[in-house]
Amino acid sequence: VEASIPEPQRAAWKKFSASEFKTKDEFEAEVVRHIETTLARSLFNCDEAAAYAGTALAFRDRLVIEWNRTQQQHTYADPKRVYYLSLEFLMGRALDNAMLNVGMKDIAKEGMSDLGFRMEDVIAQERDAALGNGGLGRLAACFLDSLATLNYPAWGYALRYKYGIFKQEIVNGYQVEVPDYWLDFNPWEFPRHDVTVDIQFYGNVRKYMDESGKQVSVWENGEIVNAVAYDAPIPGFGTRTTNNLRLWSSKASKGEFDFTKFNSGEYEASVADQQSAETISAVLYPNDSLERGKELRLKQQYFWCAASLFDIVRRFKKSKKAWKEFPNQVAIQLNDTHPTLAIPELQRILIDLEGLEWDEAWSIVQKTFGYTNHTVLPEALEKWSVPLFQHLLPRHLQIIYDINAIFLHYVERNFPKDREMLGRVSVIEESQPKMVRMAYLAVIGSHKVNGVAELHSDLIKTTIFKDFVKIYGPDKFTNVTNGITPRRWLHQANPRLSELIASKLGGYEFLRDLTLLHKIEAYVDDKDFRKNFQEIKYANKVRLAKYTKEVHGISVNPSALFDIQVKRMHEYKRQQLNIFGVIHRYLEIKAMSPEDRKKVQPRVSFFGGKAAPGYWMAKTVIHLICQVGEVVNNDKDIGDLLKVVFLEDYNVSKAEIIVPASDISEHISTAGTEASGTSNMKFVLNGGLVIGTCDGANIEITREVGEDNIFLFGVLSEDVEDLRHAHFYSEFNLDPMLSHVFETIRSGIFGDAGQFSALVNSIVEHGDYYLVSDDFKSYIDTHKLIDEAYKDQETWLTKTITSVSRMGFFSSDRCIDEYAEMIWNVEPLTPPKQNGA
Ligand code: Z2T
């Protein structure tokens, strides 16, 4: 490995090489130095924003030292690396995570107090890195934390969106989207202007025979856009390993910036060209589980895949190994189908640019990729129109046609009797216009395909990929149940609970091996432990109550049962079922005598989540929740018995406050629709119980915590199809309780009923696709059980402690080890002990 500094001068470098602060004084010195020099501020004008910046820069220096060291070690050892390609990384804030992973938060807290600041306020200055929509993006962020913590040599690749997921404002009970320009001050990113890749679009393909008579394809005359790398350090917890997240930013290439236009006075036109190039990485698409087939989105996907593959291939080529070694050096995981273009792109690099034969190249491609599926919802499965593809990526379309032809030939030979199968499994859908089915391409180009929870992994084998199981056999398909990082979702979000657990387990080792949590089950009857546990939950509820008062002006009683549903707004997640249940509860209390009201278990129903900007039904549900809140929260008959809160702009940093404060959280999707869910795991890990359907990871949570410790209800996924069918063929009787709820909505007490008619009609007239009516009664009955169970606080506490102790399985560390073993075939690379790089 070549180093740029010659041997004789290296001694000077080593002598002055940056060192890490170790004491509180050294930390303070670094903060003050950064504030006074890097930021050019002083003690006379240092506000909380500057205090945050100084603290972040001090910790950044520490991360950078280990980051450089890690990358050098990886370059030198050249192990097989994992590349996680995800269009979304929902990272949230970095400072708190950096302090905790480095293990210096307590020192920093004291240091900041010496300098006149409260650490909480300093942390709160940071904006979330919100480069994701929901579960899929947050999963990618948890995976990065686990990969670093477990010392896997791994990189994340994504886009550096100028605008992350929009900020949600609630104005008069309606969602309003506000742009999230988050890059004003981002100390965590490092521009690498020297790492710039030319990315081509459009153009044409020229074919010719070379001297040896081989067909050669050249993709030419395209437009070039530059991809510029921006890197962010990803520190592991309690390890020196610091991995890299590389985000690509688009920029007009020098060749593209038209100087003739510029000089001839067409200044505007030349700037417009530049802006068009920069549009590629401008904005994150805000649709979760809906693909809209927009050209710019396809451009984003290719831009990111091509830049990442160029980078990966360049790194491989430095090692001078033979091409057949590529899959032994490189594992690429496709986070859903968004990066599927990486498959034809690698094939193109190998055959068009590196001159490999098709078969040799294709075998490398298949061994390199793994594909994770995150949904079975048909509207979320990506399809791109062939004409659009032809225009934007003509060479890739040819390669896809060739992949498909060879694949279909194979199918034809092996299933000669099933002529229909060819049409069903073809990558090209014979519609008008023809469409490229990205999920099929991802399956064909990968060696493993996984779902994200057991039920979901079973379902993909019997529904969307049924034919592919016949073709490739069942072993190509596997399950890796999702997990969450206990660093952020326990230690950071709930420091007091983490500390309590550590006090019983003799340290924080459980944060690196979450299965150790089982040992706290021994304390389930320990009086002191129970008292502390309960006090912590109460304190977390007080914190959320304070937040609710400060931000929303709504007073809630922290002793009430806190019932929380926070996730993206979607019909399949059924926030409508929840709010109909709330309306039912309201009607019930209203109808009671004052005597009976005294027996009611007080409750606060919290909701939170963004609706995709074009998803009218989801926006209607937000509006209904807000309107119900207006009525219920101001009804004197109700008082503290019921409050309804819509928490504005749900995001990662807010989740850190919300999740530890639940008594019950709701995971109530129509069975078979939620692939996994991950917040269900977060809530239980923090001492809340779940009301949920038999769906996604709820099923495995039940297996782990025991049936007595979860509130399951509703129809099973195997019955969903028949029930949907029945809605169309027989008069279905609406449950009288649900009818009453609808009558109440129609009465106009929650505002003009017309606004809600599409929502009500989707159930009473349009087939109730999500089976709200089928599940309503069992949902209400289950909430009754919850009320009763909650009144017995001792039994409730036992359930929550027992559940926490049984959540070890859901660490993303377990999940990453499964990927490493079953899919990537990679091993950790242990960092040297301190001072021995
Ligand atoms: C998403 O967050 C999820 C699936 C998607 O399918 C897209 C997005 Cl943006 C294309 C979620 C699933 O809905 C959820 O069940 C799962 O837990 C999460 O991905 C992570 O696997």
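This tour moves through a predicted model, one selection at a time.

**Domains**

Begin by colouring the protein chain according to its domain assignment, which gives domain 1 (19–77 + 96–127), domain 2 (78–93 + 128–481) and domain 3 (486–810). Next, select domain 2 and domain 3 together; their centres, taken over C-alpha atoms, are separated by 35 Å. Domain 2 brings 39 residues to the contact and domain 3 brings 35 residues.

Keep the side of domain 2 that touches domain 3 in view. At least two residues of this side come from each of strand 2 (89–92), helix 7 (135–149), strand 5 (167–171), strand 6 (174–178) and helix 18 (454–462). Helix 7 supplies the largest share, 5 residues. By class, this side of domain 2 holds 14 nonpolar, 16 polar and 9 charged residues.

**The ligand**

Now select the ligand and the residues around it. Where does the ligand lie with respect to domain 2 and domain 3? It lies between them, because both domains give residues to its shell. The residues around the ligand number 19, and those that come nearest are Gly135, Leu136, His374, Thr375 and Ser676. Coloured by class, the shell shows 5 nonpolar, 11 polar and 3 charged residues.

**Helix 18**

Return to helix 18, one of the elements on the side of domain 2 that touches domain 3. Display the side chains of Leu455, His456, Ser457 and Ile460, which are buried in this helix. The elements covering these buried residues include strand 17 (448–451), strand 18 (477–479), helix 28 (698–705) and helix 29 (717–729).

**Helix 22**

Select residues 527–552, which form helix 22. This helix has 26 residues, and its first and last C-alpha atoms are 37 Å apart, close to the 38 Å expected at 1.5 Å a residue. Its buried residues are Phe533, Ile536, Lys537, Asn540, Lys541, Leu544, Ala545 and Thr548; two lysines, Lys537 and Lys541, thus appear in that list. To see what covers them, add helix 21 (495–505), strand 19 (561–566), strand 21 (642–647), helix 26 (652–658) and helix 33 (793–805), which are among the covering elements. Just after helix 22, stop at glycine 553, where phi is positive at about 70°.

**The largest nonpolar core**

Which members of the largest nonpolar core touch the most other members? Select Tyr83, Phe303 and Ile625, which have that place among the 220 residues of the core. Centre the view on isoleucine 625: leaving out residues up to four places away in sequence, it touches Ile579, Phe607, Val644 and Phe646.

**Two helix residues with contrasting surroundings**

Move to helix 5 (residues 105–114) and select alanine 108 within it. Is alanine 108 buried or exposed? Alanine 108 is buried, because 24 other C-beta atoms lie within 10 Å. Its contacts, apart from neighbours within four places in sequence, are Phe27, Thr55, Met99 and Met119. A distance drawn from the C-alpha atom of alanine 108 to that of asparagine 825 spans 39 Å, with these positions 717 residues apart along the chain.

Then select tryptophan 358, in helix 13 (residues 358–368). Tryptophan 358 counts as partly exposed because it has 14 C-beta neighbours inside 10 Å. From tryptophan 358 to glutamine 565, the C-alpha to C-alpha distance is 51 Å, and the two are 207 residues apart in sequence.

**Backbone details**

The last stops concern backbone geometry. Most residues other than glycine have a negative phi, and most peptide bonds are trans.

Select glutamine 432 and proline 433: the peptide bond joining them is cis, with omega near -5°. Proline 433 belongs to the loop between strand 15 (428–429) and strand 16 (435–437).

Finish at the loop between helix 31 (757–764) and helix 32 (772–791), where aspartate 768 lies. Aspartate 768 is not a glycine, yet its phi is positive at about 45°. With 20 other C-beta atoms within 10 Å, aspartate 768 is buried, since 20 or more are required. Leucine 771 is found in this loop between helix 31 and helix 32 as well. The phi of leucine 771 is also positive, near 60°, and this residue is buried, with 23 other C-beta atoms within 10 Å.

Technical notes
Residues numbered from 1 in each chain as written. Predicted model: local features only at pLDDT ≥ 70, side-chain atom pairs only at ≥ 80, totals over all residues. Near = placed C-beta within 6 Å. Nonpolar A, V, L, I, M, F, W, Y, C, P; charged D, E, K, R; others polar. Domains from an automatic or database assignment. Contact = placed C-beta atoms within 7 Å. Helix = DSSP H or I, 4+ residues; strand = E, 2+ residues; numbered from the N terminus. Core = buried A, V, L, I, M, F, W, Y, C linked by C-beta atoms within 7 Å. Buried ≥ 20, exposed ≤ 12 C-beta atoms within 10 Å, placed from the backbone. Expected span 1.5 Å × (residues − 1).
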